[in-house]
Structures are given as structure tokens and as C-alpha cells.
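Hi everyone, thanks for coming. I'd like to walk you through a few spots in one structure, so have a look at it before I start.

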Amino acid sequence: MNRLSPQPGTNARDTSVYGYTRRDFEPVKTVFRSVVRARRGAGAALSIYVGDECVVDLWGGSYRSDSLQLLFSATKGALAVCANMLVQRGQLDLDAPVASVWPEFAAGGKDRVLIRWLLTHQAGVPAVSSQLPVIEYAAGRRATEELAAQTPFWEPGKAHGYHGLTIGPLVDEVVRRSTGRSIAQFFASEVAAPLGLEFWIGLPEDLEARVIPVQMGDRSGTEVLAAAATARQDPSSVVSKANIVINPTDFDTREVHAVELPAANGISTARALARMYAACMNDVDGVRLLDDATLSAACEVQAAGLDLITVEENRFGLGFYLPFARIPFAGPTSFGHDGAGGALGFGDRESGLAFGYITSLVPPLLGSDPATDELISAACDCL
């Protein structure tokens with residue numbers, strides 16, 4: 001598998017910032033400029049909507065206006081949008097057992113696992129015992145078959161632990177059996193196409209040249225949190241088996257970009273990420289993805305407290321992260337998801353703010369770029 005090289009024409013030392021900022025959001029541009037300069041030429045892009053209007057659309061460093069970036073787990077925001085749209089349409093019953101649509105999943109004592117628990121990371125199968133490589137969690141049968149046979153690592157519904165890769169094939173199989181379409185196919189036709197999003201789960205080959213490879217910073221590690229890294233030292237631990245420690249550069253191959261991996265390989269622009277969240281809350285050019293009742297239900301706390309995999313206190317709604325200490329978003333009415341490469345997308349129901357940020361520079365600890373806190377603060381001050 002060949003590593004991807006920088007786009008032709010990008011300047012690794014360029015710290016210029018380009019794009020549009022509505023006049024009352026100029027302070028955000030000032031902060032974004034400092035973010036790009038601190039990255040010494042690594043790419044970053046930021047897009048912000050308020051209601052149905054794009055008020056910030058900026059890029060800089062090695063990015064061009066149409067640069068694409070791998071989102072890693074920020075892709076899970078798209079997965080959550082699709083799942084909640086299917087609930088809204090009556091095509092997905094959250095309180096039905098997974099086995100009611102996927103009979104093979106009943107093996108290993110999982111006959112009472114609810115579809116809801118797949119989205120809330122409570123199903124107890126954050127890994128398979130054989131510890132499959134990343135590519136096997138993509139479209140294909142091996143991961144699906146092994147997950148169906150897997151005995152849960154804890155009693156389903158009684159605790160939660162981040163299903164970092166397995167949430168992809170788990171939810172995808174339920175969606176396929178319920179609708180006849182994969183999550184990637186549903187997203188492409190029902191979300192990306194109506195909104196005109198440059199956002200793919202399974203990237204067409206002719207767009208590969210626009211993807212900016214991830215860049216490991218000088219202090220970048222491969223742990224999510226120190227506690228998780230410690231737990232992973234025991235090869236028999238569920239943390240170890242869940243592949244919680246990854247090398248982001250392993251995702252920078254055409255093979256990984258091309259497959260359908262709805263947990264981790266979405267490739268997008270910042271403006272597409274923000275526009276998707278805006279359309280969850282408002283009518284955006286005639287498109288509204290989630291109605292008020294569906295969005296409210298999606299943002300109710302489903303699981304909270306100690307995450308058995310990331311070994312941190314966090315909170316989940318229906319597929320979305322809800323604000324917690326490490327990812328406060330814009331406040332208590334926010335919902336969204338971050339990604340290991342630094343990407344962050346979210347919406348805030350109270351303010352109507354939708355936020356999309358991508359970067360090519362992996363932060364010191366895998367997860368959203370710490371710079372987003374300052375950008376979010378600046379944006380909220382401008383409201």
C-alpha cells in the first residue's frame with residue numbers, strides 16, 4: 001500500500017489564510033490565522049454556519065479551497081445522522097433486538113442486544129477476539145461474521161465502551177438488512193447529494209489527488225488517553241483487543257480511502273462537515289435532515305460515566321458524543337463527534353451554530369485538535 005504524498009502545488013511552509021468571513025465573525029479569522037501559523041504550514045480549514053447561513057469558510061497552510069481530509073472518527077457523526085434519519089422514517093426500530101433483523105447476531109448470548117445499544121456503545125462488542133486489521137472492518141463479510149459470533153466483553157446494556165471500529169460494521173449490517181442499502185450508499189443519496197456535500201464514505205479514485213495526508217507532529221503520540229494506554233499494556237484486556245491505539249498514517253492509503261468504513265474513513269471538507277450539522281437543525285437550501293423531535297431524542301443522554309475502552313468519563317446520545325470534559329463543544333445543547341486526526345464537527349441546538357474543522361496535523365493525543373476550543377470560544381463570542 002503506497003503512502004500518499006502532498007498535493008502538487010501545495011507549499012509546506014505557507015501560513016497564509018484564505019476564504020470568507022462575515023464581518024461580525026472577523027475575530028474567528030484572527031484566531032484561525034494564529035492556528036495556521038502555529039502549525040508551520042500544515043493544513044487546516046474551518047467552516048461555521050449560524051442557522052442556514054455560512055458565516056465562516058477559511059483554509060490555510062498546505063490546504064487549497066477544495067482540499068479533502070480524512071476525518072477518522074468524526075465520520076461517526078455522519079453514521080449517527082443516517083441512523084437517526086432512518087429512525088425518523090420508521091425504517092429502524094431502536095428498541096428492537098439486533099437479532100430481529102440480523103438473526104446470526106444472537107450467537108454468544110447477544111439475543112437481547114438492542115439496536116439502540118449499537119449507537120450508544122453499550123453492545124459489549126468493541127472488538128473481536130481475533131483482533132482484525134483495520135481494513136477488515138470495512139465493507140466485507142469477515143468482521144460482520146466475527147462480530148455476529150463474538151461473545152460480549154461485558155453484559156450488554158449495563159456499561160458502555162467506545163466501539164471505535166466495530167460500530168461501523170455493526171450499524172451497517174443492521175441498516176443493510178433493514179433497507180437494502182449500506183450506510184455509505186444511504187449517506188451519498190440521502191445526505192450528501194441533496195446538500196451538495198463534498199463528503200464521501202468510500203472515496204472515488206478520481207478525487208484521491210485532493211486528499212491531504214496526515215502529518216504527525218513532533219509531540220504526537222498514539223494514545224487517546226494515558227489511562228487507556230496503560231490498560232492496553234495487558235494484551236488480554238478489552239482495551240487492547242479494541243485496537244484503541246492506532247497509527248493514523250496507516251489510514252493514508254488508497255486501499256483504506258476506497259472502502260466503506262462508516263466508523264472512521266469519511267473524507268470531507270470542513271464546509272461539508274459544518275453544512276451537514278447545520279441541516280440537522282435547520283432548513284438549509286430546502287433540506288432538513290432531522291426534525292426537532294428526532295434531534296431532541298438523538299441528543300438525550302443514553303450512556304454516561306466511565307467508558308471501559310477510552311477509560312474516561314464521557315457521554316453518548318444516539319451515535320453522537322454529547323458534551324463532556326474533554327470535548328465540551330459549544331455547551332450543554334451541543335452534539336457531534338471528533339476524530340483521531342484532529343477533525344471536529346458538531347451542532348449546537350440553542351445557538352444554531354454548526355462547526356466543521358479539519359487539519360492535516362495529528363494532535364499530541366488522538367482526538368479533536370485542542371485549537372478548536374479557542375476557535376469555538378471566538379465563534380460563540382461573535383453570536
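**A cysteine, a small sheet and some salt bridges**

Okay, let's begin with Cys299, which sits in the loop between helix 11 (292-298) and strand 8 (303-306). Keep in mind that this is a predicted model. Is Cys299 buried or exposed? It counts as buried, because its relative accessibility is 8% and the cut-off for buried is under 20%. Setting aside neighbours within four places in sequence, Cys299 touches Leu322, Phe335 and Arg349. Its C-alpha is also 5.0 Å from that of Gly317, though the two residues are 18 apart along the chain.

Next, a sheet. This one is open, with three strands in the order 4-7-5 and antiparallel pairing. Strand 4 (69-70) and strand 5 (199-201) are at the edges with a single partner strand each, so one side of each has no neighbour in the sheet. Strand 5 pairs with strand 7 (residues 266-268) over three bridges, and Phe199 stands opposite Ser268 in strand 7.

Now, salt bridges. How many does a search of the whole structure find? The search finds 22. One of them joins Glu53 and Arg22, at 2.8 Å from N to O. Those two come from distant parts of the chain, 31 residues apart, with Glu53 in strand 3 (residues 53-60).

Another joins Asp338 and Arg326, at 3.3 Å. Asp338 is in strand 10 (residues 334-338) and Arg326 in the loop between strand 9 (313-316) and strand 10, so the pair ties together parts 12 residues apart in sequence. Asp338 is buried, at 4%, whereas Arg326 is partly exposed, at 26%.

Key:
Residues numbered from 1 in each chain as written. Predicted model: local features only at pLDDT ≥ 70, side-chain atom pairs only at ≥ 80, totals over all residues. Heavy atoms only, no water. Helix = DSSP H or I, 4+ residues; strand = E, 2+ residues; numbered from the N terminus. Buried < 20%, exposed > 50% of the residue type's maximum accessible area, 1.4 Å probe, protein only. Contact = heavy atoms within 4.5 Å. Pairing = 2+ DSSP bridges. Salt bridge = Lys/Arg side-chain N within 4 Å of Asp/Glu carboxyl O.
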